[in-house]
Amino acid sequence: MKDIRIGIVGSGGMAGARAESFGKTEGFQLTAVAARNPETGPALAAAHGLQLEANWQRLVDRDD
């Protein structure tokens with residue numbers, strides 16, 4: 001079975017907690033984060049090796 005690919009919308013505390021949780025859970029693969037905050041968005045993406053999208057619509061429109 002393939003991993004479920006996850007995109008996270010937002011980059012605050014809850015987004016970080018979810019990224020930590022999904023990153024440690026078998027069967028899930030974090031792929032990207034959508035965030036407008038110029039400080040927390042890039043930091044969250046870099047901390048988890050994720051691609052950063054500027055808005056949630058681009059994240060949802062991705063084919064991966």
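A nonpolar core is here a set of buried Ala, Val, Leu, Ile, Met, Phe, Trp, Tyr and Cys residues joined through side-chain atoms within 4.5 Å. In the predicted model described here, the largest such core has nine residues, namely Ile6, Ile8, Ala15, Ala19, Leu30, Val33, Leu44, Ala45 and Leu50. Two or more residues are given to this core by each of strand S1 (4-9), helix H1 (13-24), strand S2 and helix H2 (40-48). In soluble globular proteins, nonpolar side chains tend to be buried together. Within the core, Leu30 is in contact with Ile6, Ile8, Ala19, Phe22, Gly23 and Leu50, once its neighbours within four places in sequence are left aside.

The protein chain contains three helices and three strands, and from the N terminus on these elements follow the order β-α-β-α-β-α. The radius of gyration is 11 Å, close to the 11 Å that the globule rule gives for 64 residues, so the protein chain is as compact as a globular protein of that length. Along the principal axes, the C-alpha trace spans about 35 × 25 × 15 Å. Of the 64 residues in the protein chain, 30% are buried, and among contacts between residues at least 6 apart in sequence, 50% join residues at least 24 apart. The protein chain exposes about 4500 Å², of which carbon and sulfur atoms supply 51%.

Strand S2, which comprises residues 28-34, also includes Thr31. This residue counts as buried because its relative accessibility is 11%, which falls under the 20% limit. Apart from residues up to four places away in sequence, Thr31 touches Arg5, Ile6, Gly7, Leu50, Gln51 and Arg62. Among these partners of Thr31, Ile6 and Leu50 are members of the largest nonpolar core, and both are also in contact with Leu30.

A further partner of Thr31, Arg62, takes part in salt bridges, of which the count comes to four in the model. Arg62 forms one with Glu53, the closest N and O atoms being 3.0 Å apart, and both of these residues are buried. With a relative accessibility of 19%, Arg62 counts as buried, a value that lies under the 20% limit. Asp64 likewise forms a salt bridge with Arg62, with the closest N and O atoms 2.7 Å apart, although Asp64 counts as partly exposed at 39% relative accessibility. Through salt bridges that share partners, Arg5, Glu53, Arg62 and Asp64 are joined into one network; two of these residues, Arg5 and Arg62, are touched by Thr31.

Another salt bridge is formed between Glu20 and Lys24, the closest N and O atoms being 3.8 Å apart. Both residues lie in helix H1, four residues apart, about one turn of the helix. Glu20 is partly exposed, with a relative accessible area of 38%, whereas Lys24 counts as exposed at 68% relative accessibility.

On the surface, Val9, Trp56 and Val60 form a nonpolar patch with about 330 Å² of accessible area together. Val9 has its place in strand S1, one of the elements that contribute to the largest nonpolar core. Because its relative accessibility is 54%, Val9 counts as exposed, the cut-off for this class being over 50%. Strand S1 thus includes the exposed Val9, while the core members Ile6 and Ile8 are buried.

Technical notes:
Residues numbered from 1 in each chain as written. Predicted model: local features only at pLDDT ≥ 70, side-chain atom pairs only at ≥ 80, totals over all residues. Heavy atoms only, no water. Buried < 20%, exposed > 50% of the residue type's maximum accessible area, 1.4 Å probe, protein only. Contact = heavy atoms within 4.5 Å. Patch = residues over 30% accessible without salt bridge, like charges linked within 9 Å, V, L, I, M, F, W, Y side chains within 5 Å. Areas by Shrake-Rupley, 256 points an atom, 1.4 Å probe, with all protein chains shown as cover. Salt bridge = Lys/Arg side-chain N within 4 Å of Asp/Glu carboxyl O. Rg over C-alpha atoms; globule rule 2.2 N^0.38 Å.
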